[in-house]
Amino acid sequence: RIADGSTATLNADVIPANQTVTWNSESSAVATVSGGVVSAEGEGNTIVTASITVGGVTYSDTCTVIVSA
């Protein structure tokens with residue numbers, strides 16, 4: 001849970017460690033994410049996804065971000 005207008009940092013522990021993590025937010029009206037830094041844009045909930053691709057296979061994990069006023 002983060003306050004509207006604030007930021008929070010998410011960390012992705014990946015193996016192998018040299019993989020590039022791609023970040024995505026389902027609702028940019030609620031929160032945006034870049035490099036693991038989530039910026040709260042407006043009240044609501046969104047799903048943030050971290051993904052890597054290894055050997056042509058994509059692996060991902062998600063978390064729910066709740067933005068409150």
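## Strands, buried residues and a pocket

In strand β7, the residue that V48 of β6 has as its bridge partner is C63. The model is a predicted one, in which local features need pLDDT of at least 70 and side-chain atom pairs count only at pLDDT 80 or more, while totals for chains, interfaces and linings use all residues. Residues are numbered from 1 along each chain as its sequence is written, and side-chain values use heavy atoms, with hydrogens and water left out.

The pairing of V48 with C63 belongs to an antiparallel arrangement in which 11 bridges join β6 to β7; strands here are DSSP runs of E with at least two residues, numbered from the N terminus, and two strands pair if DSSP finds at least two bridges between them. β6 and β7 form a hairpin with 2 residues between them, and G55 in the turn has a positive phi of about 60°. β6 also runs antiparallel to strand β3 (residues 22–25), to which 4 bridges join it, and N24 has T49 in β6 as its bridge partner.

Two residues of β6 can be followed in turn. T46, in this strand of residues 44–54, is buried because its relative accessible area is 4%, where buried means under 20% relative accessible area, exposed over 50% and partly exposed in between, with a 1.4 Å probe and protein chains only. Leaving aside neighbours within four places in sequence, T46 is in contact with S25, E26, S27, V30, A31, C63, T64 and V65, contact meaning heavy atoms within 4.5 Å. The side chain of T46 also reaches the backbone nitrogen of S27 at 2.9 Å. S51, likewise found in β6, has 19% relative accessibility and therefore counts as buried; not counting residues up to four places away in sequence, S51 touches T20, V21, T22, T58, Y59 and S60.

On the partner strand, V65 is found in β7 (residues 57–68), and V65 counts as buried because its relative accessibility is 9%. Apart from neighbours within four places in sequence, the contacts of V65 are I2, A31, V38, G44, N45, T46 and V48. The C-alpha atoms of V65 and V30 are separated by 8.6 Å, although these residues lie 35 residues apart along the chain.

V38, one of the contacts of V65, leads to another set of strands, for V38 in β5 stands opposite A8. Here 3 strands form an open sheet in the order β2-β5-β4, with antiparallel pairing. β2 (7–9) and β4 (31–34) stand at the edges, each with a single partner strand, so one side of each is left without a neighbour in the sheet. Neighbouring strands of this sheet are turned by 20° against each other on average, direction ignored, the axes being lines fitted to C-alpha atoms. β2 and strand β5 (residues 37–40) pair in the antiparallel sense over 3 bridges.

The path ends at the largest pocket, in which about 230 Å³ of space lies. On a 1 Å grid over the protein atoms alone, a pocket is an open set of points where a 1.4 Å probe fits, with protein on both sides within 12 Å along at least five of seven lines, and lining residues have an atom within 4 Å of a point. The largest pocket is lined by 17 residues, of which N11, A12, W23, A50 and D61 lie nearest its centre, and β6 and β7 each supply at least two residues of this lining.

Notes:
Polar contact = N/O pair within 3.5 Å; in protein donor to acceptor, adjacent residues only side chain to side chain. Axes fitted to C-alpha atoms, helices over the stretch in contact; angles between N-to-C directions. Points joined across faces, edges and corners; volume = space filled by probe spheres on them.
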